[in-house]
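Please open the model in your viewer and keep the sequence panel beside it, so that each selection can be followed in both places. The tour moves from one selection to the next and says what is to be found at each stop.

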Amino acid sequence: MEITDNFETIEVTTDLLILGGGMAACGAAFEAAHWAKKHNLKVTLVDKAAMDRSGAVAMGLSAINQYIGLKTGENTLQDYVDYVKNDLMGIVRDDLVANIARHVDSSVHLFEKWGLPIWKDEQGNYVNEGRWQIMINGESYKTIVAEAAKNALAELGKNGEYYEKVFITGPLMDGNRCAGAVGFSVRENKFYVFKAKSVLAAMGGTVHVFKPRSVGEGLGRSWYPPFNSGASTYFTLKAGAEMTCQEIRFVPVRFKDAYGPVGAWFLLFKAKATNAMGEDYMETRADELNNWLPYGKVKPTPANLRNYLMMLEVNEGKHPIYMRTDEAIREIVKKAEDEKTAKRTLKKLENEAWEDFLDMTVSQALLWASTNVKPEEQPSEIAACEPYFIGSHSGGSGAWVSGPEDLAPQEYRWDFPNMTTVQGLFAAGDASGASSHKFSSGSFTEGRIAAKAAISFCVDFPDIPSISPTAVEEIKAEIFKPLETYSKFKDYSIDPNINPNFVKPKMFMFRLQKIMDEYAGGVSNAFRTSKPLLEKGLELLRFMREDVEKLAAEDTHELMRCWENIHRIWQAESHIRTILFREETRWPGYYFRTDFPKMKEEWKCFANCRWNPETGDWEMKKREIIDLID
Ligand code: SFD
Ligand code: AMP
């Protein structure tokens, strides 16, 4: 009896298949339901977790980071495109950013209608955190959005369905057309074959490719959720899609050890960050910004440059770096007219400070409580996190997607909006690249845009792609192989985690993280790397790829961990290859090429890559930056 015989094959045929249940996927389900009803089409969503609390917004959020305020005329689309482009040192697609930005406000209004509490001032206007960010009481943000997505699917009756706790391993292909996806349940012995006319990849970004700062008892505490492990990158790469900005990782600065957000402190409370001696490095090191012009002098200073100035302090041993919460609160309270108002203001600020964490990073509030921190009395340490891949925040990695008909130049438009270079395969949120600063609201909005287009694709291509049953059987055997490996060799040693015949996924992940940390510019190497280091890293990754065959799993949960690591390896390789290709340093606070320490005009372009499914080779290419709005 084969191991695969223990797993029942469930075949699901649908029209639009949405992969993931996060912000982009929920937006997609909501929008798709509307258009699917018109055309009598079926929509199926698959999430590895439970939609109510899955993805980056699982713990909630304390702000919506993209709200333009177009109706009130506060800002224009051009303002937003300029902001995003400057923050990414010139490397973004105007058409994609503008397309999301022109629709994002209406998504935010929907969230409010569905019950999300948004802070209001006395005049009833939203309370801004910064120019583009608005404050929310967002502990239940994801639950509210997931409920709306589920309700929209329910409206379709038997034509709307969602599967939870089903882990997607990879794509099903019919030539150059994406024909569906395969995966398995992490709770039941079921192997899923989803056949679809169009597929939307929205499985988030990638964490734990680099060695995290939190190891040992802290492992799993990272800024980015431990559940998003590279499925989008793997899926799109494996399908043969062209990828973009795979070198642009995100290194957030966060409250140290529990990774609490800093946005409210910097923007709402106007706090300063200083070195251990109390010097404001944004002032003392302002001259350094001249080395990164024109971006060094734009306002606000790009996230990676803010990081860089801080890293220079650390490199000179001038850390710990502190967020001066105490000074910021004092400054605000000082402005109160009388003592009574001052007291009330202080109480309000204290509440807001704690709620900022309780709404989105509960563990930071716990750390403050357990270390007796009173933010009004003492500063708190901040630090640069390990790198993550999140194209929707201040990174840029993801699939290269077709732009909107009315905005994109010919070079950026080859088919339906948000379709990758693979027929029938769409991407949104962290899965689509070169359109940073979407955040939660923009990812939801991009999911809507992509789903509408993916439904149009189903209408134009009504045939169900063909999939060879032998290919499916081969994929099934490959997916469950780690279970077989474990059962075959488990009695060879007493310790289930140590065995010369196999490697457990956790050990495998540690090895990957060590390689990336030391060779690709992780925390231990102060985010620095070079050609020789990257080449050595690639060589070591090749050995790791060979060891994929030896991955072993005791149960389906561990099987998921095996596949998460297979996904991570592809993210790691595309990252190293693209850093290597781009012979300059453009985002010094994300990674620094010691052999090419400056930014170069000739590299003001996209660095794209593609894994060729026919040859197994990686192809690298430059793509032009076309300014649409200036
Ligand atoms: O400020 C599979 N983000 C913030 N956005 C805001 O608007 N405001 C904030 O306050 C934000 N903050 C923040 C943010 C992110 C993180 C990690 C933190 C704090 C700690 C950004 C947004 O959260 C982000 O832009 C969106 O959530 C991106 O949406 P999307 O859909 O691309 O990713 P997702 O929501 O994480 O969902 C991913 C889904 O995929 C599933 N999944 N399903 C099946 N098979 C597989 N193999 C799968 N792998 C993953 C997941 O379960 C999930 O459903 S602030 O601090 O920065
Ligand atoms: P964060 O909590 O760091 O994710 O920040 C939330 C939002 O505020 C994001 O849009 C950030 O880009 C922005 N932000 C955070 N810190 C600063 C800062 N010092 N200056 C300008 N924008 C910031």
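The stops below take in two ligands, a pair of domains and a few backbone details of this predicted model.

**First stop: ligand 1**

Select ligand 1 and display the residues around it, of which there are 37, the closest being Asp47, Ala63, Ser392, His393 and Ser440. By class, this shell consists of 20 nonpolar, 13 polar and four charged residues.

Now look at individual atoms, beginning with alanine 24, where a polar backbone atom is 2.8 Å from an oxygen atom of ligand 1. Moving on to alanine 63, you will find a polar backbone atom 2.7 Å from a nitrogen atom of the ligand. Asparagine 228, by contrast, takes part through its side chain, a polar atom of which lies 2.8 Å from an oxygen atom of ligand 1. If you switch on a surface here, bear in mind that ligand 1 taken alone exposes 1,100 Å², and that the protein buries 97% of that area.

To see which parts of the fold supply this shell, colour helix H1 (23-39), strand E4 (61-64), strand E7 (166-174) and helix H12 (439-460), which are the elements that give two or more residues to it.

**Second stop: ligand 2**

Next, select ligand 2, which is surrounded by 13 residues, with Gln133, Arg254, Gly263, Leu267 and Arg306 as the closest. The shell divides into seven nonpolar, four polar and two charged residues, and the element that gives the most to it is helix H6 (residues 263-268), with three residues.

Which side chains should you label here? Start with arginine 254, whose side chain has a polar atom 2.8 Å from an oxygen atom of ligand 2, and add glutamine 133, where an N or O atom of the side chain is 3.0 Å from an oxygen atom of the ligand. Then turn to arginine 306, which has a polar side-chain atom lying 3.3 Å from a nitrogen atom of ligand 2. Taken alone, ligand 2 exposes 470 Å², of which the protein buries 87%.

**Third stop: the two domains**

Zoom out and colour the chain by its domain assignment, which gives domain 1 as residues 253-384 and domain 2 as residues 471-599. Their C-alpha centres lie 34 Å apart, and the contact between them takes 11 residues from domain 1 and 11 residues from domain 2. Between them the two domains bury about 900 Å², 69% of it on carbon and sulfur atoms. On the domain 1 side, select Trp292, Asn304 and Met311, which together supply 55% of the area that domain 1 buries against domain 2, more than any other three residues.

**Last stop: backbone details**

Most peptide bonds are trans, and most residues other than glycine have a negative phi. With that in mind, go to the loop between helix H7 (281-284) and helix H8 (303-315), where proline 300 lies; the peptide bond leading to proline 300 from lysine 299 is cis, with omega near -5°. Follow the chain to the loop between H8 and strand E14 (321-323), the place of proline 320, where the bond from histidine 319 to proline 320 is likewise cis, with omega near 5°. Finally, select aspartate 257, in the loop between strand E12 (253-255) and H6, and check its phi, which is near 80°, a positive value in a residue other than glycine.

Methods: Residues are numbered from 1 along each chain as its sequence is written. Chains are lettered from A and ligands numbered from 1 in the order in which they are written. This is a predicted model: local features need pLDDT of at least 70, side-chain atom pairs count only at pLDDT 80 or more; totals for chains, interfaces and linings use all residues. Side-chain values use heavy atoms; hydrogens and water are left out. A residue is near a molecule or strand if one of its heavy atoms lies within 4 Å of it. A polar contact is a pair of N or O atoms within 3.5 Å; within protein, one must be able to donate a hydrogen and the other to accept it, and residues adjacent in sequence count only if both atoms are side-chain atoms. Accessible areas come from the Shrake-Rupley method with a 1.4 Å probe; for residues, only the protein chains shown count as cover. Helices (H or I, at least four residues) and strands (E, at least two) are DSSP runs, numbered from the N terminus. Ala, Val, Leu, Ile, Met, Phe, Trp, Tyr, Cys and Pro count as nonpolar, Asp, Glu, Lys and Arg as charged, and the others, Gly among them, as polar. Domain bounds come from an automatic or database domain assignment. Contact means heavy atoms within 4.5 Å. Buried area is the accessible area (1.4 Å probe) that two parts lose on being put together, summed over both.
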